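Me: I would like to go through this model with you and ask, term by term, what each label rests on.
Reply: Gladly; put the structure up and ask about any label.

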Amino acid sequence: MELEEILATLSPALRKKLAIANELPEIEYAQTPSPSLNKALGGGLAYGRQVLIWGNKSSGKSSMLLQLIANEQKKGKVCAWIDAEATFDPKWAERLGVDTTKLIVSKAQTVNDMVDVGVQLMKAGVDIIVVDSISTLLPAIYFEKDSDELKQLENTKQIGAEARDMTNAVKMLNYANQGHTLLVLISQTRNNIGAMYASLVPTGGKAVQFYSSTIVKLFSSESENQAIKGKLHINDRIVETIVGRKVNWDVTFNKTAAGFRSGEYNFIFAGEPVGVDTVTDVVDLSIAEGVITKGGAWFTYGENRFQGKDKLVEFVRTNGIVGELEAQIA
């Protein structure tokens, strides 16, 4: 039978749920502040999907996603932040470019809170929901039955309670999404005690990873060689101090592009501007792809030559040609 004949035999209700593959909308991406990470992801974080961002403390997970929200707000996207850690700082968010007057912020202490808020926001048509972080949310076992009262600590010991609740939560959120909202779950690291050798995994159990279309691990070391130094104005003095750190990223899983990509960017936490250093990231990507040529300590872009990358980055930053370089990156 021909395709049209097969479709004609189906009920009208079922035909409404079907679509021809080439009529499906193209994947839309939310842009992270790192062009190199966006390239590795195939364009960014895909709308309509669940994404897991995890890593060690102080690797800038929340800040990177606040910058992503700032980028998407400029496109008219409606964004929400589920603050499970009670650490959301409006002033820091504004420094990262977020319009806090247009950002929905909700508290959540339990897995149930996250699901209740998340489902309602998805039904309302919110474009991006970030949960910071699922590692903080309490499972139902911590509470008395049909009550918000916490149990005695000795009555909360039940193996797998957190993973079981998170499994049900991601299933419900995945069902409620209906292919529109970008749901980003932030997770911290934990030791994988079942492994033969010591290893780190995200919290929340296997289902969180299974239902995630993209998984990105961020890692920042406190070692001296990962520190970024700069000069800050303190009163009437100029002091050289640590202003940021290098952050390594690994795309460990990705359904919308090739996975197993890795790289790094600079994260700045003192001075101006703060957050992921997009300019330096674009310069590094331009060098890697030959848009900017390198010979020894010299860098050449068009008719301009610079001795040392710092001078090149300053030229790009001062002249505002980041967009010009991005347009030339394949």
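Me: What covers the buried residues of helix H9 (residues 278–288)?
Reply: In this predicted model, the cover over the buried residues of H9 includes helix H3 (35–41), strand S12 (261–268), helix H10 (309–319) and helix H11 (322–328). The residues of H9 that count as buried are Val-279, Thr-280, Asp-281, Val-282, Val-283, Leu-285 and Ser-286. Just after H9, Gly-290 takes a positive phi of about 80°.

Me: Why is Val-276 called buried?
Reply: The label buried is given under 20% relative accessible area, and Val-276 has a value of 5%, so Val-276 is buried. Val-276 lies in strand S13 (residues 275–276) and, leaving aside residues up to four places away in sequence, touches Pro-33, Ser-34, Met-64, Gln-67, Tyr-265, Asn-266 and Phe-267. Phe-260 is 16 residues from Val-276 in sequence, and their C-alpha atoms are 21 Å apart in space.

Me: What makes Asn-177 buried?
Reply: The relative accessible area of Asn-177 is 8%, which is under 20%, and therefore Asn-177 counts as buried. Asn-177 lies in helix H7 (residues 161–177), and its contacts, not counting residues up to four places away in sequence, are with Gly-48, Arg-49 and Met-122. Between the C-alpha atoms of Asn-177 and Gly-230, which are 53 residues apart along the chain, the separation is 44 Å.

Me: How many aromatic pairs are there, and why is the pair of Trp-81 and Phe-88 called tilted?
Reply: The count comes to three aromatic pairs. In the pair of Trp-81 and Phe-88 the ring centres are 6.2 Å apart, within 6.5 Å, so the rings pair; the angle of 45° between the planes is neither under 30 degrees nor over 60, and therefore the pair is tilted. Trp-81 is also buried, because its relative accessible area of 2% is under 20%.

Me: What makes the pair of Phe-210 and Tyr-211 edge-to-face?
Reply: The planes of Phe-210 and Tyr-211 stand at 85°, which is over 60 degrees, and the centres are 5.3 Å apart, within 6.5 Å, so the two rings form an edge-to-face pair. As to accessibility, Phe-210 is exposed because its 62% is over 50%, whereas Tyr-211, at 23%, falls between the two cut-offs of 20% and 50% and so is partly exposed.

Me: How do you know that the charged end of Lys-77 sits over the ring of Tyr-47?
Reply: The charged end of Lys-77 is 4.8 Å from the centre of the Tyr-47 ring, which satisfies the distance limit of 6 Å; the label also requires a position within 35 degrees of the ring normal, and Lys-77 is listed as sitting over the ring.

Me: Which residues lie nearest the centre of the largest pocket, and what is the make-up of its lining?
Reply: The largest pocket, with a volume of about 1100 Å³, is lined by 40 residues, of which Ile-268, Pro-273, Asp-277, Val-279 and Arg-317 lie nearest its centre. Its lining divides into 16 nonpolar, 13 polar and 11 charged residues, and strand S10 (residues 227–234) gives the most to it, with six residues.

Me: How many residues does the whole protein have, and what share of them is buried?
Reply: The protein has 330 residues, of which 42% count as buried, and its secondary structure comprises 11 helices and 16 strands.

Notes
Residues are numbered from 1 along each chain as its sequence is written. This is a predicted model: local features need pLDDT of at least 70, side-chain atom pairs count only at pLDDT 80 or more; totals for chains, interfaces and linings use all residues. Side-chain values use heavy atoms; hydrogens and water are left out. Rings of Phe, Tyr and Trp (its six-membered ring) pair if their centres lie within 6.5 Å; planes under 30 degrees apart count as stacked, over 60 as edge-to-face and the rest as tilted. Buried means under 20% relative accessible area, exposed over 50%, partly exposed in between (1.4 Å probe, protein chains only). On a 1 Å grid over the protein atoms alone, a cavity is a set of points where a 1.4 Å probe fits but cannot get out, and a pocket is an open set with protein on both sides within 12 Å along at least five of seven lines; lining residues have an atom within 4 Å of a point. Grid points are joined across faces, edges and corners, and a volume is the space filled by probe spheres set on the points. Helices (H or I, at least four residues) and strands (E, at least two) are DSSP runs, numbered from the N terminus. Ala, Val, Leu, Ile, Met, Phe, Trp, Tyr, Cys and Pro count as nonpolar, Asp, Glu, Lys and Arg as charged, and the others, Gly among them, as polar. Contact means heavy atoms within 4.5 Å.
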